[in-house]
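Biologist: I'd love a close look at one part of this protein. Could you pick a contact that holds separate parts of the chain together, and walk me outward from there?

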Amino acid sequence: MDAFTPQDWVKRLSRALEDRQDRYATLSNYATGNHPLPKAADPRWQARADAFAKRARTNFCGLASSSVRERLAPVAVRSGADGDNDIDKVAWGWWQASHLDADSELVHGAALDLSEAYVIVGKVDGKLTITPEDPRNVIIELDPLDRRTPLAGLKRWIAPVENKLRAVL
């Protein structure tokens with residue numbers, strides 16, 4: 001395969017991200033209790049069946065997600081390096097500086113409700129920054145030979161002031 005240009009990657013990843021939107025909408029609907037209602041065996045009874053199902057609906061998906069989410073509370077970062085607590089303290093400092101003690105719930109919620117979650121790690125004004133990202137706006141493509149190696153990533157959003165689609169590759 002020839003090397004992709006940045007424009008090729010934007011097109012490829014945008015298409016892949018668009019292809020996921022219906023799935024994300026379905027998962028989000030289930031997580032918020034807005035899942036499809038069962039169909040009545042006889043179409044003449046559908047209106048009554050819908051009315052009953054709407055009153056009797058229980059959001060078990062949302063309950064399962066929130067019960068796990070409220071128990072996920074990171075209290076430290078461990079690097080895995082033997083006997084090197086200094087690295088752990090530095091990593092915890094990055095965690096705190098990026099407000100992940102509060103924002104990690106966004107990542108956990110996306111992972112539980114939408115089956116995927118992303119964070120973007122980079123530098124802003126020379127300082128390490130970690131931001132939780134909605135998987136409906138972010139996608140990466142991994143190397144098929146090494147699932148830990150990203151080939152490219154894309155974040156898309158609508159800029160609120162200009163009301164224009166923006167993207168960062």
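Modeller: Happy to! Let's begin with a salt bridge: Glu 141 pairs with Arg 12, and their closest N and O atoms are 2.6 Å apart. Glu 141 sits in strand β3 while Arg 12 sits in helix α1, so this pair ties together parts of the chain that are 129 residues apart in sequence. Please keep in mind throughout that this is a predicted model.

How buried or exposed are the two partners? Glu 141 has a relative accessible area of 18%, which makes it buried, since the cut-off for buried is under 20%. Arg 12, at 33%, is partly exposed.

Now step back to the strand that carries Glu 141. The edge strands of the sheet are β3, residues 138–143, and β5, residues 164–168, and each of them pairs on one side only. The sheet itself is open and made of 3 strands in the order β3-β4-β5, with antiparallel pairing. On average, neighbouring strands here are turned by 20 degrees against each other, ignoring direction.

The first pairing to follow is β3 with β4. Strand β4 covers residues 146–159, and 6 bridges join it to β3 in an antiparallel arrangement. You can find the partners by eye: Ile 139 is opposite Leu 154 of β4, and Ile 140 has Gly 153 of β4 as its bridge partner. The two strands make a hairpin, with 2 residues between them.

On the other side of β4 comes β5. These two strands also run antiparallel, joined by 5 bridges. Here Ile 158 is the residue to look for, standing opposite Leu 165 in β5. The hairpin of β4 and β5 has 4 residues between the strands, and within that hairpin Asn 163 takes a positive phi near 55 degrees.

Let's return to the helix that carries Arg 12. Helix α1, residues 6–31, packs on the sheet and touches both β3 and β4; its direction makes about 80 degrees with that of β4. So what else brings this helix and the sheet together, besides the salt bridge? As general background, nonpolar side chains in soluble globular proteins tend to be buried together. In this model, the largest nonpolar core has 6 residues: Trp 9, Leu 13, Leu 17, Ile 139, Ala 152 and Leu 154. Both α1 and β4 supply at least two residues of that core, and α1 gives the most, with 3 residues.

Leu 13 is a good residue to click on, as it joins several of these threads. Setting aside neighbours within four places in sequence, Leu 13 is in contact with Ile 139, Ile 140, Glu 141, Ala 152, Gly 153, Leu 154 and Leu 169. That list includes Glu 141, the residue we met in the salt bridge with Arg 12, and also Ile 139 and Leu 154, which stand opposite each other across β3 and β4.

How many salt bridges are there in the whole structure? A search finds 10, and two others make useful companions to ours. In one, Arg 69 pairs with Asp 113, with the closest N and O atoms 2.9 Å apart. That pair links distant parts of the chain, 44 residues apart: Arg 69 in helix α3 (residues 60–69) and Asp 113 in helix α5 (residues 100–114). Asp 113 is partly exposed at 22% relative accessible area.

In the other, Arg 78 pairs with Asp 88, and their closest N and O atoms are 3.3 Å apart. Arg 78 belongs to the loop between α3 and α4 (85–97) and Asp 88 to helix α4, so this pair ties together parts that are 10 residues apart in sequence. Arg 78 counts as exposed, at 63% relative accessibility, whereas Asp 88 counts as buried, at 8%.

While you are in helix α5, have a look at Ser 104, which is found there too. Ser 104 is buried, with a relative accessible area of 6%, and touches Pro 74 and Trp 95, not counting residues up to four places away in sequence.

Finally, the wider setting. The chain has 5 helices and 5 strands, following the pattern α-α-α-α-α-β-β-β-β-β along the sequence. Its radius of gyration is 21 Å, well over the 15 Å that the globule rule gives for 169 residues, so the chain is more spread out than a compact globule. Of those 169 residues, 22% count as buried.

Technical notes: Residues are numbered from 1 along each chain as its sequence is written. This is a predicted model: local features need pLDDT of at least 70, side-chain atom pairs count only at pLDDT 80 or more; totals for chains, interfaces and linings use all residues. Side-chain values use heavy atoms; hydrogens and water are left out. Two strands pair if DSSP finds at least two bridges between them. Axes are lines fitted to C-alpha atoms, for helices over the stretch in contact, and angles run from 0 to 180 degrees between N-to-C directions. Contact means heavy atoms within 4.5 Å. A salt bridge is a side-chain nitrogen of Lys or Arg within 4 Å of a carboxyl oxygen of Asp or Glu. Buried means under 20% relative accessible area, exposed over 50%, partly exposed in between (1.4 Å probe, protein chains only). A nonpolar core is a set of buried Ala, Val, Leu, Ile, Met, Phe, Trp, Tyr and Cys residues joined through side-chain atoms within 4.5 Å. The radius of gyration is taken over C-alpha atoms; the globule rule is 2.2 Å times the number of residues to the power 0.38.
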